[in-house]
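Colleague: I'd love a close look at one helix pairing in this model. Could you walk me through it slowly?

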There are 2 protein chains.
Amino acid sequence: MAPKAADTLLVNGLVVTMNALGDLIPQGAVAVRGRDIVAVGRSEDVAANWDASEVIDCGGAAILPGLINLHTHAPMSLLRGLADDLRLDVWLFGYMLPVEREFVGPEFCRWGTRLTCAEMIRSGVTCFADMYYYENEVAQAVADVGLRAVCAETVMKLPTPDAESYDESLDFCRSFLEEWRDHPLVTAAIGPHAPETCTHDLLRRSAQLAAEYDAPLLIHVAETAGGAEEALSLYGMSSIEALEQHGVLQARVVAAHCVHVTGRERELMAEYGVGVAYNPTSNLKLASGLADVVGLLDAGVAVSIGTDGQASNNDQDMFEEMRLAALLPKGVTQDPTVVPARQAFAMATTGGAEVLGMAELIGSLEAGKRADIAVLALDRVHNVPHFDLTPENVYSRLVYAAKSQDVRDVMVDGRWMRRDRVLLTIDEAQVVREAQRIGAQVGAFLARREQSVLDKLVALGALQWGETYEVQVKVWVPEQEALVGRLLTCPEVIVIKPSERKQYDTYFFFDDPLAGIIRYREDYLLDRGTEVKPIYNLTLRGPAVEREYSDSVLLSRSRFTATADRSLRFYQEYFQPREEKRVDKVRSRWRIKYKGVDFALNLDRLTRPESDRVYLELKARTWSRHDALQKAEMISEMLDVLAVDKAGLVQDQYVSF
Amino acid sequence: MAPKAADTLLVNGLVVTMNALGDLIPQGAVAVRGRDIVAVGRSEDVAANWDASEVIDCGGAAILPGLINLHTHAPMSLLRGLADDLRLDVWLFGYMLPVEREFVGPEFCRWGTRLTCAEMIRSGVTCFADMYYYENEVAQAVADVGLRAVCAETVMKLPTPDAESYDESLDFCRSFLEEWRDHPLVTAAIGPHAPETCTHDLLRRSAQLAAEYDAPLLIHVAETAGGAEEALSLYGMSSIEALEQHGVLQARVVAAHCVHVTGRERELMAEYGVGVAYNPTSNLKLASGLADVVGLLDAGVAVSIGTDGQASNNDQDMFEEMRLAALLPKGVTQDPTVVPARQAFAMATTGGAEVLGMAELIGSLEAGKRADIAVLALDRVHNVPHFDLTPENVYSRLVYAAKSQDVRDVMVDGRWMRRDRVLLTIDEAQVVREAQRIGAQVGAFLARREQSVLDKLVALGALQWGETYEVQVKVWVPEQEALVGRLLTCPEVIVIKPSERKQYDTYFFFDDPLAGIIRYREDYLLDRGTEVKPIYNLTLRGPAVEREYSDSVLLSRSRFTATADRSLRFYQEYFQPREEKRVDKVRSRWRIKYKGVDFALNLDRLTRPESDRVYLELKARTWSRHDALQKAEMISEMLDVLAVDKAGLVQDQYVSF
């Protein structure tokens, strides 16, 4: 029988087929024609039956199915190493979100994805699952390079870098799914960010869209304990239960992380065939928790492996990830026999294909499947000697000792991505150059922000900030009741609203004298003696008093104020002040109108540092020099009505006492 | 001022000094003369002040202090990937110890160490701490290659591959310490294996030897919970307390692992300056436990990083180890801010030097220290873009994204080990060839063993095995009391010892019909109704009945029997039988003499599988065909005395019923 025609033969390698029988073929070969594998077998048999113009010797190497990375955010390569070893909230709200708001656009996504593709190919990855913004750019970059990917456009209830609202995101998703239909390499998908960052409506509509286009649905599930709790409180049930109820589990779901899922959730995942993307490095680095991988596997859930984005990993090395996926569950369960090397390798190949619903096409080396192949040198000093007592010895070599640097050649869909350690479809030097250029822009933005406490404040972003000024006076007063009575009963005064409050202020001081001072205030309205839910706010006061009028009336420092929706601890880590001071006080406050103009009258008694003195403040917001001058004059008039001893006038703030 | 003479200038790199100020010098340089660093500074300054024939451009790269690997067993590279994903006891007693007994000798240690040195240099390691046997061979290989190492000869109470007793080991230690005194690269040391594998006397004498030679003392401490408990029961106190009491803490101690140390032990370690070698990969892979690194650091203990040997890692990649040392404690403490990148890098450099008591010489790049240097490319796709907002960005690049493959050049003691990715002092191809050759011998040994259940049994080794035969008869009997009375009152019979026992037998069956059958027996002596501590034994019965005499008296299968000092679970995993069966019975046994010859008379009632029948057995050990024939005749005579119904004679074993 005459040999048949193939395009490429890979010969003399150890073929790790990952077929159902787990065949390992020493001195094996794989024949490729067009996009497909047409034969797998012993080298001599394949060579006898197939002719090809290209014959690649794989002596000393293994021929593997390409690895599949089930969770990443490809463009985030450009944020690698930007901010590490921080608390999750500081990292996310202080760095990732502000930078993403500022920089994430088509160019960022294109170059970021190219950089990630270069990393992936170098580590033997032939297919990956992505969730990001401007996902059409990600998809185009992947298609240009020639890798295989499932690309999910991220949707959530908050504004994103590419949409003001989720309606806009869903419209974009639809056209994205439409545009990439039937692409040979890219599968368009939808990525509702996480149950807790979506809404009932958004989950339901995402599920409908996935059903309409038969598209995979990628989602973060229970990555952190906090996220799982938020979902619970939002839906009144656990994340996976919420996904079931909103029809999401009808889709081909890839659930990333699943660190904090319950037994019931595991059952549902097994029942509906929800696949998990396990991200051991990211889960450790962000201290998200230790996923119960063994519990998921025992429940019959398909588990695959992901690197997550470079902002939380910090690379796309699936060999490292596979190794950690084998190691970490042993430490967690205290059982060295769990997730043996063979299982970890399966999670990174056949497992990934299964989770993506692409097991018919990829994940193993079998005739009829796509030619997604990696050739891995096994004869390096860090991977000898070789034992071949059982197949486990081979998988041990692949998982515990092989490194991404051992990947010699990579083919995707029958096309070479890398040959003899050279990338063929990416200009590596250009990608590095562009990454450094964009990185420099991001760095400059953050450096400016770091220099200015105000910029750092503004970078928190979701908050609304505005500059305001106040005119104010402060005076020490002896007999309060009578004094205040004199002003409140004055005919020019109308009392709008009296209140009793307790205020706990923490001031942040900075090295830079121009940085100003940040004040974090917990403001408790004392309602019949009980402290009710406080108001938290954050105020930046500029470094200098703007102007002084007669009677020590001051035009105050510029002020930026906003609701403080994060903890004091967050702001401490985020602003990293040189020094902190606490001032606590009890404040009786009257909002009044004097001659029709709004003022506040405060009577303050400091409790920390403790003081017997009572201070009276009169203040008003102001918007212009002219307005400020008028209000300063009115304050002087009121001081006359009060008949305070002007020897008691003070210009210092409480924190400077 | 005229420039001074140096040998080598490394210029234009990012110098990560790791000096006390944590100086990072972009566009920096290091000047080397002889064995020493003579200058560190900005490139232009160093180039202006120093002339050298060799000038190395480090553009795009970092110039680092060489990494220090604080715990390994260098020759074990030759056992890499031999047996993974097994329980610790199966791994150790089933594979490591038998193979070490068979193979560890001078040649093994020489080539194993060379292979390890090649791996270390490739991953930027310039100094390591080793514990193994034939440590003079390890030391010689290190010296030949030109690396720096602390080499500790292992001593323990058990026989080792290089000593029958610990007296012998200690004698060897002394001459080893003597021989390597004042070597420029190798520091000879003593390595009492672990508190629980030593004795009071051995610890004391090790401490004395360390004091006499001012030698470092390397020891495993509390690697596993079991080990820590053993030490507790052996010394009546915890491991570190035992080391204190025996004077060991007076030495420069490197305590490997410390996974299961108590608060009191941490205090003692801080007080005595005991350094810890943290081995995160090995601890995960063997499921030893999750060391409380943060607790150790908080207690003021110096912590360094080790890879452990390749049998439990499976490589010597300090970049992987550094990364995991930064990641794992975050997951364990659920705090992403612990062990930040800078601290992990310090643990692998200055920390290692401090733990070894060599901080004056190595660990940082400073004028006056030894020239132990690694140059690391930072401009690869997996490590861009670069941010330089804070020094932490640099350490993040080194720890979270850099890979061993990025190590371009390595210098030790002023001598190049690697230049432009080529090893200069090791013939890499030869090392790979020799490793494969020795590995093939080990593989063949284990393959033979795996084929034979007997060999596998013998490989357990510490046990004493011997082949024995029995002659025996078995008969079903109706009225037991009267029957037995007839024999025991017979004048030719003397009753030596009656007993009541309960026996739980588990039989292992194998695919190979020639493999025989393994029986694991728990034998409880019933003492006034309570079950006391049982005897455990393990018996291998040959596949065939040797001979049959008249009256169904059999010369039994060959038997190998030994005390079973491990659990049933261990033997199940070790032998991996195709099938198992349980037989439980109550046995009344009389050891008797018949005509002066020893016999056993058993009355057995099966409880699992349950049976109402009672079987009578008569058996005796035998040593020769002649002896067997005589005893078979005596058994026939006794059957006549008993007057049993010969229709009840059975040849099957209980397990075949």
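Which term fits helix 3 of chain B and helix 4 of chain B relative to each other?

Modeller: Happy to. This is a predicted model, in which local features need pLDDT of at least 70 and side-chain atom pairs count only at pLDDT 80 or more, while totals for chains, interfaces and linings use all residues. Residues are numbered from 1 along each chain as its sequence is written, chains are lettered from A and ligands numbered from 1 in the order in which they are written, and side-chain values use heavy atoms, without hydrogens or water.

Now to your pair. Helix 3 of chain B covers residues 106-122 and helix 4 of chain B covers residues 135-145 (helices being DSSP runs of H or I with at least four residues, strands E runs of at least two). Their axes are 8 Å apart, and the angle between them is about 40 degrees (on a scale from 0 to 180 degrees, with axes fitted to C-alpha atoms). The two helices of chain B are therefore oblique to each other (neither under 35, over 145 nor 65 to 115 degrees).

From helix 3 of chain B, the residues that meet helix 4 are P106(B), C109(B), R110(B), T113(B), R114(B), C117(B) and I121(B). Helix 4 of chain B answers with E137(B), V138(B), A141(B), V142(B), D144(B) and V145(B) (contact being heavy atoms within 4.5 Å). By class, this contact in chain B has 8 nonpolar, 1 polar and 4 charged residues.

It is worth looking at chain A as well. There, the axes of helix 3 (residues 106-122) and helix 4 (residues 135-145) come within 8 Å and cross at roughly 40 degrees, so this pair in chain A is oblique. Among the residues that meet are C109(A), T113(A) and C117(A) of helix 3, with V138(A), A141(A) and V145(A) of helix 4.

What surrounds helix 4 of chain A? Of its 11 residues, 8 are buried, so the rest of the structure largely encloses helix 4 of chain A (buried meaning under 20% relative accessible area). E135(A), E137(A), V138(A), A139(A), A141(A), V142(A), A143(A) and V145(A) are the buried ones. They pack against helix 3, strand 7 (125-132), strand 8 (148-155), helix 5 (166-179), strand 9 (186-192) and strand 16 (415-419) of chain A. Just past the end of helix 4 of chain A comes G146(A), with a positive phi of about 100 degrees.

Terms used: Ala, Val, Leu, Ile, Met, Phe, Trp, Tyr, Cys and Pro count as nonpolar, Asp, Glu, Lys and Arg as charged, and the others, Gly among them, as polar. Buried means under 20% relative accessible area, exposed over 50%, partly exposed in between (1.4 Å probe, protein chains only).
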